[in-house]
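Student: Could we go through this one together, starting with the helices and then moving on to the core and the empty spaces?
Tutor: Gladly; here is the model to look at as we talk.

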Amino acid sequence: MSQPGYLLFLGHSLDMEKMGRYSAAVSAVYKQYGGTYVGIGGPGRGTELLEGAWFDHSIILARFPSSEDVEKFWNSPEYAKVRELRKGGGMFQVFSLKGENREPPDGQPAFLISIYRPFDADAYAAVAKAEAEKIKGRDMYYIAQADEGHVERLEGDLISFCISIIACPTQPSATALWNDQSYIQVRKDRAQAAGVNTFLMAGMARK
């Protein structure tokens, strides 16, 4: 199985008219370079901020056949033209991630997307190990995990951040994990080791 690439786009929109024109035009460019939407949403539109301060961000998560295809999309003349449509329309943070050798689940999946900056690397490593244990047996898995040395920042001013994306079979299953008492302890320990923003995103229907 090939190793997919993901483009993670976080936006704080300031001009909805510009962003509407951009959104209408960019889908065809994603498709041209092999990209498919995994999830799209914002506050009240399928994405919920579970922890952190980035309450008003919209998110797009797109899958590409490889991280090289993300780069081809991002640097393409077609995207350069479409990107002009959102100029001045908001503030954006965009990242390229190498995926794990697993696909998002079929059906109506959901994703727990954590963007974090550890301030105690050893403590965070222990938390990450504990989290991996908690999702075992729940039909959940990471589709991307990247520390700061493996997150490619394509746009924006966020540096030295890490990203993890957990794929869950349904949104209720993601919520159940989040509210599980043993996982709450993991979250508390993580908050002592890193600054974290976590979003719950409803995924696109997949066959």
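Tutor: Before we start, one definition is useful: the expected span of a helix is 1.5 Å times one less than its number of residues. Please keep in mind throughout that this is a predicted model.

Student: OK, so how does the span of α4 compare with what its 15 residues should give?
Tutor: Helix α4, residues 121-135, should span 21 Å at 1.5 Å a residue, and its end C-alpha atoms are 21 Å apart, which agrees.

Student: And which residues of α4 are buried?
Tutor: Those are Tyr124, Val127, Glu131 and Ile135. Seen down the axis of α4, the buried residues fall within an arc of 70°, so they line one face of the helix. The face turned away from that buried side carries Asp122 and Lys129, which are exposed.

Student: What covers the buried residues of α4?
Tutor: The cover includes the strands β6, β7, β9 and β10, together with the helices α5 (171-179) and α6 (181-193).

Student: Then what about α5, which residues are buried there?
Tutor: In α5 the buried residues are Ser173, Ala174, Leu177 and Trp178. They cover an arc of only 140° around the axis, which puts them on the same side of α5. They pack against β3 (47-51), β6, α4, β9, α6 and β10.

Student: What does α2 look like in that respect, which of its residues are buried?
Tutor: In α2, residues 67-74, the buried residues are Ser67, Asp69, Val70, Phe73 and Trp74. Their arc, seen down the axis of α2, is within 155°, so they line one face of that helix. Among the elements that cover them are β1, α1, β4, α3 (77-83), β5 and β8.

Student: Switching to the core: which residues touch the most other members of the largest one?
Tutor: The largest nonpolar core has 24 residues, and Leu8, Ile115 and Ile165 are the ones that touch the most other members. The elements that give two or more residues to this core are β1 (5-13), β4 (58-64), β5 (90-98), β6 (110-118), β7 (141-146), β9 (162-168) and β10 (194-202). Of the contributors, β7 gives the most, with 4 residues.

Student: What is leucine 8 in contact with?
Tutor: If we leave aside its neighbours within four places in sequence, leucine 8 is in contact with Ile59, Ile60, Leu61, Gln93, Val94, Phe95, Ile113, Ile115 and Ile163. There is also a second, separate core of 18 residues, which includes Leu7, Trp74, Val82 and Phe92.

Student: Now the empty space: how much is there in the largest pocket?
Tutor: About 380 Å³ lies in the largest pocket. Its lining is made of 19 residues, and of these Ser13, Met19, Ser23, Arg45 and Ser58 lie nearest the centre. The elements β1, α1 (16-32), β2 (36-41) and β4 each supply at least two residues of that lining, and α1 gives the most, with 6 residues.

Student: And the largest cavity, which residues line it?
Tutor: The largest cavity holds about 40 Å³ of space, and the residues lining it are Leu112, Ser114, Glu131, Ser164, Ile166, Trp178, Tyr183, Arg190 and Thr198. Glu131 is a residue we met among the buried ones of α4, and Trp178 was listed among the buried ones of α5. At least two residues of the lining come from each of β6, β9 and α6.

Student: Back to the backbone, where does phi turn positive just after α4?
Tutor: Just after α4, glycine 137 takes a positive phi of about 80°. In the loop between α4 and β7 there is also aspartate 139, whose phi is near 60°, a positive value in a residue other than glycine.

Student: Is aspartate 139 buried or exposed?
Tutor: Aspartate 139 counts as exposed, because its relative accessibility is 56% and the cut-off for exposed is over 50%.

Student: Which loop holds serine 160?
Tutor: Serine 160 lies in the loop between β8 (152-155) and β9. Its phi is positive, about 60°, although the residue is not a glycine, and with a relative accessible area of 35% serine 160 is partly exposed.

Note on methods
Residues numbered from 1 in each chain as written. Predicted model: local features only at pLDDT ≥ 70, side-chain atom pairs only at ≥ 80, totals over all residues. Heavy atoms only, no water. Core = buried A, V, L, I, M, F, W, Y, C linked by side-chain atoms within 4.5 Å. Buried < 20%, exposed > 50% of the residue type's maximum accessible area, 1.4 Å probe, protein only. Contact = heavy atoms within 4.5 Å. Arc of directions from axis to C-beta. 1 Å grid on protein atoms, 1.4 Å probe; cavity = no way out; pocket = protein on both sides within 12 Å on 5 of 7 lines; lining within 4 Å. Points joined across faces, edges and corners; volume = space filled by probe spheres on them.
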